[in-house]
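This report walks through one protein chain, moving from its overall make-up to a few of its individual residues. Please keep the sequence and the structure in view while reading.

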Amino acid sequence: MNVALTSPAKSTLREYDLALLWAGALLLGTGLVMVYSASIAIAEQSRFTSGQPTYFLVRHLVFVVVGTFSGVAVFQVPMRLWQQAAPYLFAFGAALLLLVLIPGISREVNGSRRWLPLAVANLQPSELVKLFVVLYAADYTVRKAAWMHSLKRGFAPMFTVMLLVGALLLREPDFGAFAVIAAIAMGVLFLGGMNWRLFAGLAALLVLGFVVIILTSPYRMQRILGFMDPWADPYARGYQLSHALIAFGRGEMLGVGLGASVEKLFYLPEAHTDFLLAVIGEELGFLGVIAVIGLFIFVTLRAFAIGSQAAKLERYFSALVAQGIGIWVASQAIINMGVNLGLLPTKGLTLPFLSFGGSGLLVNCTALALLLRIDWESRQLMRGSGGLSAARGTTAKTLESAVSGMPKRVRGSAWMVAGLPTRRRPGTD
């Protein structure tokens, strides 16, 4: 492979997506400030933190630094290597999900087993699995491009694997992560050309499955009832949501001022993690919330634009990875914001790039680095560095060999990614 496609350090700064990089930096910086503001009161009064007011700030800063270095390292790896490693990374993630269910190995918090205790921090495997699902679903869709209309050869294998992962997540339990991973897998398969009837059937099955899970789980049912009318029982099942809504109400348009939140003073649980947006709404007001939403919209749109450009260059795996990351960030942010605003039932999902949590920050920075890498490789191709034919490489050859020889009605639908023109799809001439 051409050296220019494996050595990004040699290229100039203008070859990077600076707007996306700055958006990620703004999200991380905002998260650092708001986590400190939301956690200072809890840290001062907790014996777990030894009364250190900067306990969560220091740890969050360390996580951001580690995530940044991780992102720099990930950026050096060509996408072809990520494609080759995708099945193994997914298998590794599934093994971690199984490991976290073993008593004595995992750490239990509030009745959930979601963490593996390490020497310096806790690892949350479900956060890693979100990234691994993006990579695996993209690789699977590229390899099975010719069979995306087939229930047996295209849909069933992926559905079985996702069912297994979902079962492991629900055993923790981590319903929120399951919802995000289901959205990622469905979105990537749809963009990859899945038959719309199969997609509609899968969506219906998922909705039915979610309803059954809720109805058969008493604590989830209580969350639904608390979500429907939090003021009916504001001191029990509606406690978190009612105080989140109070925080938004106090913030009004411009907020009460940075650090002046009242709800974070032991009223609003998980203020520095799941309900960080409520603190932002109280201290920075409606305009602060709109600014955060705007940053997430920008990152999502850039992810899809980067994926679309990669698809036009016939880099289908990279295209699906970029758009899968966009689906992941958007769906998790929407669920978290919906919970904070009372539009969705309470779920234990953090706000990407902002909320406190080492595993989440590490994976978010890695995902951002992958987006920048995909964009960088596409820019190198458009500049003529290394030649277009060299970059198409393994992915295009794999797709062409898979599609050639298939009926024409199957070939055309296998190249749905990002609206790629039919005349440029291998095997459809």
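## Salt bridges across the chain

A salt bridge is counted here when a side-chain nitrogen of Lys or Arg lies within 4 Å of a carboxyl oxygen of Asp or Glu. By that rule, a search of the whole structure, which is a predicted model, finds 10 salt bridges. Several of them are described under the later headings, once the overall make-up of the chain has been set out.

## Overall make-up

The chain contains 14 helices and three strands, and of its 429 residues, 52% count as buried. If one takes the contacts in the chain with a separation of 6 or more, residues 24 or more positions apart account for 71% of them. On the outside, the chain exposes about 18,700 Å², and carbon and sulfur atoms supply 67% of that area.

Inside, the largest nonpolar core has 112 residues, and the members that touch the most others are Phe 296, Val 321, Ile 325, Trp 328 and Leu 354. Ile 325 can serve as an example of how such a residue is surrounded: leaving aside its neighbours within four places in sequence, Ile 325 is in contact with Val 134, Ala 367, Leu 370 and Leu 371.

## Helix α4 and its salt bridge

Helix α4 runs over residues 125-143, and its 19 residues reach 26 Å from the first C-alpha to the last, which is close to the 27 Å expected at 1.5 Å a residue. This helix is mostly covered, since 18 of its 19 residues are buried.

Within α4, the side chains of Glu 127 and Lys 130 meet in a salt bridge, with a distance of 3.3 Å from N to O. The two residues are three positions apart in the helix, about one turn, and both Glu 127 and Lys 130 are buried.

## A bridge between distant parts of the chain

Another salt bridge joins the side chains of Glu 283 and Lys 264, at 3.0 Å from N to O. This pair links distant parts of the chain, 19 residues apart: Glu 283 belongs to helix α10 (residues 276-312), while Lys 264 lies in the loop between α9 (239-251) and α10.

Are these two charged partners buried or exposed? Glu 283 has a relative accessible area of 1% and so counts as buried, and Lys 264 is buried as well, because its relative accessible area is 3%, and a residue counts as buried under 20%.

## A network that includes helix α12

In helix α12 (residues 358-382), Arg 379 and Asp 375 lie four residues apart, about one turn of the helix, and their side chains meet in a salt bridge of 2.5 Å, N to O. The two partners fall into separate classes of exposure: Arg 379 is partly exposed, with a relative accessible area of 24%, whereas Asp 375, at 7% relative accessibility, counts as buried. Both residues also belong to a network of salt bridges that links Asp 17, Arg 302, Asp 375 and Arg 379.

## The three-stranded sheet

The strands form an open sheet of three, in the order β1-β2-β3, with antiparallel pairing. Its edge strands are β1 (107-109) and β3 (122-123), each of which pairs on one side only. In general, strands of a sheet pair through backbone hydrogen bonds, either parallel or antiparallel. Here β1 and strand β2 (residues 112-117) pair in the antiparallel sense over three bridges, and Glu 108 stands opposite Arg 113 in β2.

## Backbone details in the loops

Where is the cis peptide bond that involves Pro 173? The bond from Glu 172 to Pro 173 is cis, with omega near -5°, and Pro 173 lies in the loop between α5 (151-171) and α6 (175-191).

Two further loop residues deserve a look for their backbone angles. Ser 50, in the loop between α1 (18-45) and α2 (55-75), has a positive phi of about 60° although it is not a glycine, and Ser 50 is exposed, with a relative accessible area of 59%. Glu 252, in the loop between α9 and α10, has a positive phi of about 50° although it is not a glycine, and at 59% relative accessibility Glu 252 counts as exposed.

Note on methods. Residues numbered from 1 in each chain as written. Predicted model: local features only at pLDDT ≥ 70, side-chain atom pairs only at ≥ 80, totals over all residues. Heavy atoms only, no water. Buried < 20%, exposed > 50% of the residue type's maximum accessible area, 1.4 Å probe, protein only. Contact = heavy atoms within 4.5 Å. Areas by Shrake-Rupley, 256 points an atom, 1.4 Å probe, with all protein chains shown as cover. Expected span 1.5 Å × (residues − 1). Core = buried A, V, L, I, M, F, W, Y, C linked by side-chain atoms within 4.5 Å. Pairing = 2+ DSSP bridges.
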